[in-house]
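The following exercises concern domain division, chain contact and charge pairing. Each task is followed by a solution that proceeds step by step.

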Amino acid sequence: MAQMTMIQAITDAMRTELKNDENVLVFGEDVGQNGGVFRATDGLQKEFGEERVFDTPLAESGISGLAIGLGLTGFRPVMEIQFFGFVFETMDGIAGQMARMRYRSGGHYHSPITVRSPFGGGVKTPELHADNLEGLMAQAPGLKVVIPSTPYDAKGLLLSAIRDNDPVIFLEHMKLYRSFREEVPEEEYTIEIGKADVKREGNDLTIVTYGAMVHTSLRAADELAEEGVEAEVIDLRTVSPLDMDTVIESVKKTNRALVVQEAQKQAGIGANVVAEINDYAILHLEAPVLRVTAPDTVYPFAAAEDVWLPNEKDVVERAKTVLNF
Amino acid sequence: MATKTLEQVEGHFEMFQILNEEGEIVNQDALPDLSDEKLQELMKRMVYTRIWDQRAISLNRQGRLGFYAPVAGQEASMLGSQFALEKEDFILPGYRDVPQIVWHGLPLYQAFLYSRGHFHGGQFPEDVHALMPQIIIGAQIVQTAGVALGLKRKGKDNVAITYTGDGGASQGDFYEGMNFAGAYNAPAIFVVQNNQFAISVPVEEQSAAKTIAQKAVAAGIQGVQVDGMDVLAVYAATQEARDNALDGNGPTLIETMCYRYGPHTMAGDDPTRYRTSDLDDEWEKKDPLVRFRKYLESKDLWSEEQENEVVEQAKEDVKAAIKQADDTPKQKVSDLIEIMHEKLPVNLQQQLEEYREKESK
C-alpha cells in the first residue's frame with residue numbers, strides 16, 4: 001500500500017496497463033515528454049517509449065479519429081482531451097463514431113477506447129476548462145461515463161475502463177487531483193463500472209452524488225450529524241449507466257433523497273436519478289426528491305466560482321427542506 | 001509576392017492523364033504495367049458497376065432499396081483506385097463509395113441490406129478489410145490517419161485508403177486527417193472525387209483554391225490531380241501513392257476530376273435545378289467506359305459479345321442479391337440491444353428482457 005493522490009493513482013493505472021498489454025497506447029496533446037499538463041502521464045514515455053506514449057498535433061477531432069483507427073487495427077487507445085470543455089471539437093468522434101462502432105457493424109468492429117479528460121471547478125481555470133459536460137456524454141448510447149472521487153476508486157475504475165472493449169469516458173475532477181492522499185494498493189485491482197459506492201451510511205436521508213460533490217456532501221453530512229440527522233452518501237462513480245439498485249435500496253431505507261451535482265440544473269445527470277427514483281421507489285418516499293445544482297448560466301468567470309458552485313451550505317439547506325417536508 | 005506564390009503552387013497541380021477521350025494513350029511513360037487479363041477485368045468491373053447502378057436506381061424507385069447515392073460516371077475513379085490495392089489494404093469509404101468495398105469483397109446482398117437499413121449489412125466478412133460507408137462527411141478522413149498509423153505500427157505492408165467528395169474537402173476533419181497522417185508519416189491515401197457538385201453547390205463555391213490537390217500542401221504531403229474519367233490514370237496514381245507510402249514517404253492526396261451522371265442521392269434530389277444539359281453533355285463525352293472500351297477495342301481485347309456477357313451477369317447477380325436481402329430475417333429490438341456492447345450495461349439488460357418478452361408474444 002502507498003499513500004497516493006488521485007493523479008498518482010491515475011498514472012499508476014496507466015503504467016500498469018502499459019505493462020500488461022502491449023496494445024495499450026497513451027496519446028494526446030503534451031502527454032509525451034512533458035508528462036501531461038497535470039503530470040498524469042509523467043514518466044510514462046520514458047519508461048515505455050515514444051511508440052507507446054506520444055504527443056499528437058493540436059486537434060481534438062483528429063485525436064479521436066486516430067483512436068478509432070488505432071482501435072480498428074488491434075490497439076487499445078487511451079486518449080486524452082486536455083480539458084473536457086474542448087470536447088465540442090470532437091463530439092462527432094466520440095458520440096457520432098466510437099460510441100456507435102459496435103452497433104453499426106453489427107458487432108464486427110468495436111472501439112476499445114478510453115477517453116481521459118480533466119474537468120471541474122474550484123481551481124479558477126480560464127474559460128471552458130472546468131465545465132461539467134458529463135450530461136452530454138450520458139445521453140449518447142454506446143458510451144459509459146465514469147467519474148471517480150477518490151484515489152482508490154480512480155485506479156480501480158481506470159483499470160476497468162482501459163480493459164473494457166467498448167468506449168469509456170473517464171472524467172477527472174481537477175480539484176480532486178491533489179487535494180488529498182489515500183491508501184492505494186500497489187498491486188492491480190479493478191472496480192466494476194456501473195457500481196456505486198456508499199461512502200457514508202445513514203438512515204435519515206439518501207444523498208446521491210458524484211465527483212467533487214461527494215466530498216461536499218460528506219462535509220454536509222457531518223454538519224447534519226451534529227444536528228442528529230444521519231445522511232447516507234452514495235457516490236455513483238459511474239454516471240452512465242446508473243447503479244439504481246444501490247440507490248433504490250438506500251431510498252427504501254431512508255425514505256428521503258437528495259441529488260447533488262456540480263453541473264447546472266438543466267445539465268448533468270441529476271434529473272435522470274430523480275426520474276429513476278420516482279419510477280422505482282415512489283411509494284417509499286416521504287418527500288419529493290430535490291436537487292442541489294449550479295444555476296443555469298454559462299460556467300462562471302473565475303472570480304465568481306465561489307458564489308456559483310454548489311457548496312456544503314447548499315446541501316445542508318436543501319437536505320433540511322427534504323427532511324422537513 | 002503573394003500572387004506569384006499562388007501561381008507557382010497552382011503550376012504544380014496540372015491534371016495527370018494517360019488515356020484521352022478517344023481512348024488514345026497520351027502519356028506512354030506513365031502507362032501502368034497491366035496484363036491483358038487485368039485490363040479486361042477492369043473493363044468488366046466498370047461495365048458491371050454501371051449496370052448495377054442502373055438497377056439500384058430502378059430498385060430504389062420500386063421501393064426495394066433504401067438510401068442510394070448513384071455512381072454512374074465515377075467508375076474509373078472508384079474502381080481504378082480500388083484495383084491498385086491489395087486485399088489487406090483497408091478502405092474507409094464515404095456514403096457513395098459502395099462499389100469500392102464490394103469489389104474489395106463485401107457481398108452485394110449486404111451492400112443492399114446497408115441501403116435498406118439492416119444491421120447485417122455492416123457485418124462484414126472477416127477477410128474484407130473495410131469499414132461501412134461513412135455518412136458524416138470528413139469522419140472517415142481522421143479515422144484513416146488512425147488506421148494507417150495502426151497498420152504501420154503493426155508492421156504491415158498495407159495502406160489505408162479513404163474517399164470523400166469535393167464538398168468534403170471543406171470540412172475540418174479533412175484537414176486534420178491529412179495533417180495527422182503527414183505528421184506520423186503514416187501509409188494513407190486520401191482520394192477526393194471531385195464530381196463538381198456537393199448536392200447543388202458547385203465546387204467553385206467551396207473554395208478559392210484552383211485545385212483540391214493543392215490542399216495537400218497544407219499538410220506537407222504529396223498531392224496530385226488526376227483525370228478521374230481515365231481508369232488507367234487513376235490506377236497509376238493510386239499505385240504510385242501506395243508504393244510511396246509503403247516506402248516510408250508518407251501519405252498522398254489524389255484529386256480525381258469526375259462527374260456523376262445521376263442525382264446526388266435518390267432521396268428527391270433533382271439535378272436539373274442546378275446543372276445545365278450542356279454541362280451534362282460535356283461530361284458524357286468523357287465517359288470512362290467509352291474511352292476505355294475504345295482503347296481495349298484498339299488492342300483487340302474487348303468485344304460487344306464480352307460486354308453483353310458482363311451486362312447479363314450483373315443483372316443476374318443483382319437479382320440474386322436482392323433475393324438474398326429479402327430472405328434476411330427482419331430486425332428485432334432485442335437484436336439492436338445485443339450489438340450495443342460486449343457486456344450489456346444494466347439499463348440495456350433490463351430493456352432486453354422487456355423486448356424479448358414483447359417479441360415472444
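Domain bounds, as used below, come from an automatic or database domain assignment. The model is predicted.

**Exercise 1. Determine how chain B is divided into domains, and characterise the contact between them.**

Solution.

Step 1. The assignment for chain B gives domain 1, covering 2-329, and domain 2, covering 331-361. Taken over C-alpha atoms, the centres of domain 1 of chain B and domain 2 of chain B are separated by 38 Å.

Step 2. Domain 1 of chain B contributes 4 residues to the contact, and domain 2 of chain B contributes 4 residues.

Step 3. Between them, domain 1 of chain B and domain 2 of chain B bury about 330 Å², with 63% of this area on carbon and sulfur atoms. On the side of domain 1 of chain B that touches domain 2 of chain B there are 2 nonpolar residues, 2 polar residues and no charged residues.

Step 4. The search across this interface of chain B returns 0 salt bridges. Polar contact is found there for 2 residue pairs, both residues of a pair being at pLDDT 80 or more.

**Exercise 2. State how many helices and strands chain B has, and assess its radius of gyration against the globule rule.**

Solution.

Step 1. Chain B comprises 14 helices and 7 strands.

Step 2. Its radius of gyration is 21 Å, and the globule rule gives 21 Å for 361 residues; chain B is therefore as compact as a globular protein of that length.

Step 3. The C-alpha trace of chain B spans about 70 × 50 × 45 Å along its principal axes.

**Exercise 3. Repeat the domain analysis for chain A.**

Solution.

Step 1. Chain A is assigned domain 1 (2-184) and domain 2 (197-324). The C-alpha centres of these two domains of chain A are 26 Å apart.

Step 2. In the contact, 25 residues come from domain 1 of chain A and 21 residues from domain 2 of chain A.

Step 3. The two domains of chain A bury about 1900 Å² between them, 54% of it on carbon and sulfur atoms. Of the area that domain 1 of chain A buries against domain 2 of chain A, 27% is supplied by A:Lys124, A:Asn132 and A:Ile147, more than by any other three residues.

Step 4. Between domain 1 of chain A and domain 2 of chain A the count is 3 salt bridges. A:Lys124 also forms a salt bridge with A:Asp306, at 3.6 Å from N to O.

Step 5. Polar contact joins 13 residue pairs between the two domains of chain A, both residues at pLDDT 80 or more. On the side of domain 1 of chain A that touches domain 2 of chain A, α6 (134-138), β6 (144-146) and α7 (151-163) each supply at least two residues. The residues of that side are 11 nonpolar, 9 polar and 5 charged.

**Exercise 4. Describe the interface of chain A and chain B.**

Solution.

Step 1. The contact involves 42 residues of chain A and 41 residues of chain B.

Step 2. About 3400 Å² is buried between chain A and chain B, and carbon and sulfur atoms give 60% of that area. On the chain A side, the greatest losses of area to chain B are those of A:Tyr103, A:Arg104 and A:His108, which together make up 18% of what that side buries.

Step 3. There are 2 salt bridges between chain A and chain B. A salt bridge links A:Glu51 with B:Arg153, and their closest N and O atoms are 3.5 Å apart.

Step 4. The rule also finds 16 residue pairs in polar contact across this interface, both residues at pLDDT 80 or more. In chain A, β3 (53-55), α3 (60-72), α4 (91-97) and α5 (101-104) each supply at least two residues of the side that touches chain B. With 10 residues, α3(A) gives the most to that side. By class, the side of chain A that touches chain B holds 17 nonpolar, 15 polar and 10 charged residues.

**Exercise 5. Which parts of chain A does the pair A:Glu188 and A:Arg163 tie together?**

Solution.

Step 1. Side chains of opposite charge can pair when their charged atoms come close.

Step 2. Over all chains, the whole structure has 35 salt bridges. A:Glu188 and A:Arg163 form a salt bridge with an N to O distance of 2.7 Å.

Step 3. A:Glu188 is in the loop between β8 (182-184) and β9 (197-200) of chain A, whereas A:Arg163 is in helix α7 of chain A; the pair therefore ties together parts 25 residues apart in sequence.

Note on methods: Residues numbered from 1 in each chain as written. Chains lettered and ligands numbered in written order. Heavy atoms only, no water. Contact = heavy atoms within 4.5 Å. Buried area = accessible area lost by both parts, 1.4 Å probe. Salt bridge = Lys/Arg side-chain N within 4 Å of Asp/Glu carboxyl O. Polar contact = N/O pair within 3.5 Å; in protein donor to acceptor, adjacent residues only side chain to side chain. Nonpolar A, V, L, I, M, F, W, Y, C, P; charged D, E, K, R; others polar. Helix = DSSP H or I, 4+ residues; strand = E, 2+ residues; numbered from the N terminus. Rg over C-alpha atoms; globule rule 2.2 N^0.38 Å.
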